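User: Hey, I'm new to this one. Could you walk me through it?

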Amino acid sequence: MIRCLFLFSLLILSTSAQKTSSQTWQTLNGDEPVVIARGGFSGLFPESSQFAHQIALSTSLSNVILYCNLQLTKDSVGICQTDIRLDNSTNIAAVFPKSQKTYTINGENVQGWFALDYTSDQLFNNVTLTQSIYSRPSLFDGTLPLSTVDDAIGIKPPGFWLNVQYDAFYAANKLSVSSYIQKTTRFMGISYISSPEIGFLKNMNKIINKAKTKLIFRFLDADAVEPTTKQPYSSILKDLSSIKSIASGILVPKEYIWPLSKDQYLLTPSSVVADAHKQGLEVYASGFANDMPGSYNYSYDPTAEYLQFVDNSDFSVDGVLTDFPPTASEAIACLAHNKNATRPSKGKILVISHNGASGVYPGSTDLAYQQAVDDGADIIDCSVQMSKDGVAFCLNSADLLGSSNAMTSFMSRSTMVSEIQPKSGIFSFDLTWSEIQTLTPQLTSPLPNSGLARNPANKNQGKFITLSDFLDFAKAKAVSGILIDIENAAYLASKKGLSIIDAVTAALSNATFDKQATQQVMIQSDDTSVLSKFKNVPGYKRVLSIKEIIGDVPKQTVEEIKKFADAVNLPRSSIVTTNGGFTTTFTTVVDELHAANISAYVSVLRNEYVAIAFDFFSDPVVELATYVGRLGIDGVVTDYPKTADAYLRSPCSDLNAKVAYSILPAEAGALLGLAEPEVLPPAEAPGPPLTVDDVVDPPLPQVSSSNGSTADPAAGPVKAPPRSSGRANAANMGLHLLGILLISLLSAGY
C-alpha cells in the first residue's frame, strides 16, 4: 500500500504543473522533441517493470513515450525485454539452471535463456526481474515480475513504441511477430513500431494503419549487417530515400549524429539529421543514459548532452531514447532555448566555485578561474597556501602532491605533518614560490576509484597564481564576489613562522577590497580564531567551514556560531544523509541556521553520477533542485559552476512558476520506501550534534621566528594549539592514525 501511495503521489505532483510548450524547434515538424523511455525508467528500476513504467510516466514530460523491446514466449505472448537472452535481466538462470540453449541469431551463435523456450505462465509464475547494469541499484532485484506488452499499454501511456529486433529469428523458430502485432493493434494503440530489419518493415506496411502508427527503421552499429539486404548499416545510411519508402523516420545511435574521437571528444557533427529531414524522415537518437558518460565535452552533465542534440544552432533531433527520461525531460522543457536567460535576483542562490571550475581545468589555476567566470560563478574562491618564503597563493591543499607533479622534482622534501593530514606529503611551506612555479598542475578526480577521469585534454593546463594575482583577476572580471579560505593558520604561525592572516589582510587591503562594497568578500575558515581576526572589517562576510558530518545544531551552538560567522559551509552529508547510495533523511541543520539568520552553503557538488544519490536520479540538476527548492540552501559550492548556473537560470528553478515541466526535488527515503523490508540496508546512526566545544577554537599563537622561537622572546616557545575539542580534535597528532582516517572518509561526503 505504501509503495502504491508513493507512485500515486509522484503522478499527482508531476502532472499538476504541466502545460504545453510554445518554443520553436528545428525538428522536422517544428514540434518539441519527444522523450522515449527505454523500458520506462530503466536507469533506476529493472527494465520494463511496473515501477520503471509508472515512475517514467510520473516524472517525465506529459507526452513521454514508453519503449518496449519485444520478445515472444513459446505461446506467442509478447513481453518487454531489451536483451533476447533473459538471463541478463532476470533470475531465470537460477530458476531453470539446466535450460541454457544456443541459437544462431543473425549469423552468430548466442548462448543463454530465451523467452521462446518458455510459456508465459512459466515465466510469470517463476521468473523475476533484475537490474542488468551493475552500476544501478539492485535493491529491487527479484521482487518485480516481467511485463507483457498488454501490461505496458494497459497503463495508458501517452505513446507506446514497440521495437522488433529479431523478427527473422522468431520466424525461423515458427513464431510470427507480424501476426502478434496484427492481433495487438486491433485492440490497443501502438504509436511507433521500429525494427532494424527492412523485410519486417515492408511487411508491416501492409498491415498497420499508418495514420495511427509510425514505422521507424532502426540503425544498428555502422559495421553490422542488415539481415534482409545483407548490407552494412553504414551503406544503407547513404540511401535514405530508400528508407522513406518503408518508414516515416529513423532511429540511430547518437554517435551517428555527433561522432566522437578516440579520446572521447566531440567531432564535427554529421549531416544525418539534415539529410533525413530533407527526405521527410524524422530522426530519433538512442543511447542516452546518465551513468554512461558520452564525451568529456559534457563535463559529466547529462543535460548538456541532450542539449547538444536538441538545442544547437543547426538542427534538432525529433526525439531521444533514454534510460533516464526525467533528465531528458528537464533538458528539453527547462534548459533548452535558455542560453541568454538571466538569473532572478530575488532570493538569489549563490554559485560558489570550488578551486575555480576544477572539474574542467586543474584546480586553482588561472584557467580554472577563467572557466568559472565564463560558466557563471557568482563567487570565485581561493584557498590560500603559503610558500616557504612567505608568498600567499591559491591551492586546494598545503600538500602539493594531489594537484601537481611535485613528486617528480621534490621527492626528498616529503614529510609527515600530522597536524595537517594523516599521510606524508610535499608541503607548500617547505618550497619557495620560485620552486612552486616550476611545478606542472594536474587535473585529478576526487573520485579515484570511479574510473571517471576529468577532461584529460586539460590535465596539465594552466598555472598556479598568487593571491594578489587572484584578487586582480577578480576585480578585472567584476565577479560578484570572492571567497578566501584560510586553514592551518596556527601551524604556520607556530611551526613555520608564517602569518597567513597578515598575508591575506595585506593582499586584500592592497587590492582595496577592504574599502569597497561592490564585490562581496567572504573569509572562510574552520578556525573561529581566524574568523575573529576579520571581524573589524564590516564589509567582509565570515563563513565557518564545518567539515565534520553532523546531524543537528542545538540552539546554544547556533548562538555561539553567530558570534564568529555570518554563514556556514556544510558537507552534503550534514544536510542529506544517505545509506547505500540512497537518501534516508533530511537533517534540520539548514533550518536551525536559518532561524538565527545564518546563511547555509553546501559543498562540494559534483556532476559525476557516482557522487550523486540514486534518489537524485544520477542527475546533478535534480540534486541542485533538492538543495535549492526543498532544503532552502543559500549557496552551492561546486566543481562545475556551469551546471548550477544553467539550472538557476532556467524557469524550472522556481517551483511556483507555471512552466511545461517541474524538476521535482527528491524526498528523502522515497526510493527505500519502495523496496521490500528484508532487502533494505542496515540502518545507520544519525550524525552527532554540533557542540559549542566543536566550534570554538583557542586563540592563535604568535608567529615564531625561523629558529622556532616566538616573535616575543618573553612569551617563550609556543606549540601549535589543538583544534577545537570534540570531533575536530581528530586532526591532532595525539590520536591514532585510524581515527584520523575515519574522520577523513566521513568528511569526504557520499
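Analyst: Sure, we can go from the overall fold to pockets, rings and a few odd backbone spots.
Analyst: This is a predicted model, so local features need pLDDT of at least 70, side-chain atom pairs count only at pLDDT 80 or more, and totals for chains, interfaces and linings use all residues. Residues are numbered from 1 along each chain as its sequence is written, and side-chain values use heavy atoms, with hydrogens and water left out.

User: How many helices and strands does the protein chain have?

Analyst: The protein chain has 26 helices and 24 strands. Both are DSSP runs numbered from the N terminus: helices are H or I with at least four residues, strands are E with at least two.

User: And how does its radius of gyration sit against the globule rule?

Analyst: The radius of gyration is 29 Å, close to the 27 Å that the globule rule gives for 750 residues, so the chain is as compact as a globular protein of that length. That radius is taken over C-alpha atoms, and the rule is 2.2 Å times the number of residues to the power 0.38. Along the principal axes, the C-alpha atoms fill a box of roughly 100 × 50 × 50 Å.

User: What percentage of the residues is buried?

Analyst: Buried residues make up 56% of the 750. Buried means under 20% relative accessible area, exposed means over 50%, and partly exposed is in between, with a 1.4 Å probe and protein chains only.

User: OK, pockets. What's the volume of the second largest pocket?

Analyst: The second largest pocket has a volume of about 1300 Å³. On a 1 Å grid over the protein atoms alone, a pocket is an open set of points with protein on both sides within 12 Å along at least five of seven lines, while a cavity is a set where a 1.4 Å probe fits but cannot get out; lining residues have an atom within 4 Å of a point. Grid points are joined across faces, edges and corners, and a volume is the space filled by probe spheres set on the points.

User: Which residues lie nearest the centre of that pocket?

Analyst: Of the 41 residues lining the second largest pocket, Thr82, Gln165, Tyr166, Arg218 and Leu220 lie nearest its centre. By class, the lining has 19 nonpolar, eleven polar and eleven charged residues. Here Ala, Val, Leu, Ile, Met, Phe, Trp, Tyr, Cys and Pro count as nonpolar, Asp, Glu, Lys and Arg as charged, and the others, Gly among them, as polar.

User: Which strands each supply at least two residues of the lining?

Analyst: Strand 2 (65-72), strand 5 (108-112) and strand 10 (282-288) each do. Strand 10 gives the largest share, three residues.

User: What about cavities, how many are there of 30 Å³ or more?

Analyst: The count comes to three cavities. The largest cavity has a volume of about 100 Å³. It is lined by 13 residues, and the closest to its centre are Pro293, Gly294, Tyr300, Asp301 and Pro302. That lining divides into seven nonpolar, four polar and two charged.

User: Switching topic: how many aromatic pairs are there?

Analyst: A search of the whole structure finds 30. In one of them, the ring centres of Phe51 and Phe140 are 6.0 Å apart with the planes at 85 degrees, so the pair is edge-to-face. For the cut-offs, rings of Phe, Tyr and Trp (its six-membered ring) pair if their centres lie within 6.5 Å; planes under 30 degrees apart are stacked, over 60 edge-to-face, and the rest tilted.

User: Where do Phe51 and Phe140 lie?

Analyst: Phe51 lies in helix 2 (residues 50-59) and Phe140 in the loop between helix 4 (120-126) and helix 5 (149-154), so the pair ties together parts that are 89 residues apart in sequence. Phe51 is buried, at 3% relative accessible area, and Phe140 is buried at 1%. Both belong to one aromatic cluster with Phe41, Phe45, Phe324 and Phe617.

User: Which residue lies over the face of Phe288?

Analyst: Lys254 does, at 5.3 Å from the ring centre. A charge sits over a ring if NZ of Lys or CZ of Arg is within 6 Å of the ring centre and within 35 degrees of the ring normal. Lys475 lies over the face of Phe513 too, at 5.4 Å.

User: And those odd backbone spots?

Analyst: Most residues other than glycine have a negative phi, and most peptide bonds are trans. Ser48 has a positive phi of about 60 degrees although it is not a glycine. Lys174 has a positive phi as well, near 65 degrees. A cis peptide bond joins Ser603 and Val604, with omega about -5 degrees, and Val604 lies in strand 23 (residues 599-605).

User: Is Lys174 buried or exposed?

Analyst: Lys174 is exposed, with a relative accessible area of 78%, and lies in the loop between helix 6 (167-172) and helix 7 (177-187). Ser48 counts as buried, at 1%.
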